[in-house]
Amino acid sequence: MKRRDLMRHLTEHGCLFFREGGRHSVFVNKSNSKVSTVPRHNEINDFLVRKICRDLEIPLPV
């Protein structure tokens with residue numbers, strides 16, 4: 001999955017961009033205080049996309 005598509009999916013489901021790290025962007029889901037990091041790669045592996053969505057407790061992208 002493309003990084004920009006994942007970031008769009010996260011923001012559509014209520015996750016907010018928190019900060020930039022050294023090699024990752026940090027997103028937080030304010031409704032349940034969950035935090036996850038998104039690597040700064042153009043392509044993100046589907047297994048990692050599933051883990052990020054599970055960590056933030058949002059539905060998986062279709």
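**Group meeting: a walk around histidine 9**

Let's start with histidine 9: leaving out residues up to four places away in sequence, histidine 9 touches Cys53, Ile58, Pro59, Leu60 and Pro61. Before I go on, remember that this is a predicted model.

So where does histidine 9 sit? It's in helix α1. And is histidine 9 buried or exposed? Histidine 9 is buried, because its relative accessible area is 9% and anything under 20% counts as buried.

Now look at one of those partners, leucine 60. Leucine 60 lies in the segment after α2. Along the chain, leucine 60 and histidine 9 are 51 residues apart, yet their C-alpha atoms are separated by 8.8 Å. If we set aside neighbours within four places in sequence, leucine 60 is in contact with His9, Arg50 and Cys53. Leucine 60 is partly exposed, at a relative accessible area of 46%, whereas histidine 9 is buried.

Okay, on to the helices themselves. As a bit of background, two packed helices are described by the angle between their axes and the distance between the axes. Here, helix α1 covers residues 3-12 and helix α2 covers residues 46-56. They pack at an angle of about 15°, and their axes are 12 Å apart. What does that angle make them? Well, α1 is roughly parallel to α2, because angles under 35 degrees count that way.

The crossing of α1 past α2 is right-handed. Which residues make the contact? On the α1 side you have Leu6, His9 and Leu10, and on the α2 side Val49, Ile52, Cys53 and Leu56. Sort the contact by class and you get six nonpolar residues, one polar and no charged ones. So our histidine 9 turns up again, as part of the α1 side.

You'll have spotted a cysteine in that list, so let's talk about cysteines. Quick reminder: a disulfide is a covalent bond between the sulfur atoms of two cysteines. How many disulfides does this structure hold? Zero. Take cysteine 15: the nearest cysteine sulfur belongs to cysteine 53 and is 8.0 Å away. Cysteine 15 is therefore in no disulfide, because the two sulfurs would have to be within 2.5 Å. Turn it around and cysteine 53 is in no disulfide either, with the sulfur of cysteine 15 as its nearest, 8.0 Å away. Cysteine 15 is buried, with a relative accessible area of 1%, and cysteine 53 counts as buried at 0%.

Let's move out to the loops. Serine 33 sits in the loop between β2 (24-29) and β3 (34-39). Serine 33 has a positive phi of about 55°, although it is not a glycine. Buried or exposed? Serine 33 counts as exposed, because its relative accessibility is 62% and the cut-off for exposed is over 50%.

Glutamate 57 is another residue to click on: it isn't a glycine, but it has a positive phi of about 55°. You'll find glutamate 57 in the segment after α2.

Last stop, an actual glycine. Glycine 22 is in the loop between β1 (15-20) and β2, and at 70% relative accessibility it counts as exposed. In sequence, glycine 22 and arginine 40 are 18 residues apart; in space, C-alpha to C-alpha, they are 9.4 Å apart.

To wrap up, go back to histidine 9: a buried residue in helix α1, touching Cys53 and Leu60 among others. That's my tour, thanks!

Note on methods:
Residues numbered from 1 in each chain as written. Predicted model: local features only at pLDDT ≥ 70, side-chain atom pairs only at ≥ 80, totals over all residues. Heavy atoms only, no water. Axes fitted to C-alpha atoms, helices over the stretch in contact; angles between N-to-C directions. Helix = DSSP H or I, 4+ residues; strand = E, 2+ residues; numbered from the N terminus. Parallel < 35°, antiparallel > 145°, perpendicular 65-115°, else oblique. Left-handed = near helix turned anticlockwise from the far one by under 90°. Contact = heavy atoms within 4.5 Å. Nonpolar A, V, L, I, M, F, W, Y, C, P; charged D, E, K, R; others polar. Buried < 20%, exposed > 50% of the residue type's maximum accessible area, 1.4 Å probe, protein only.
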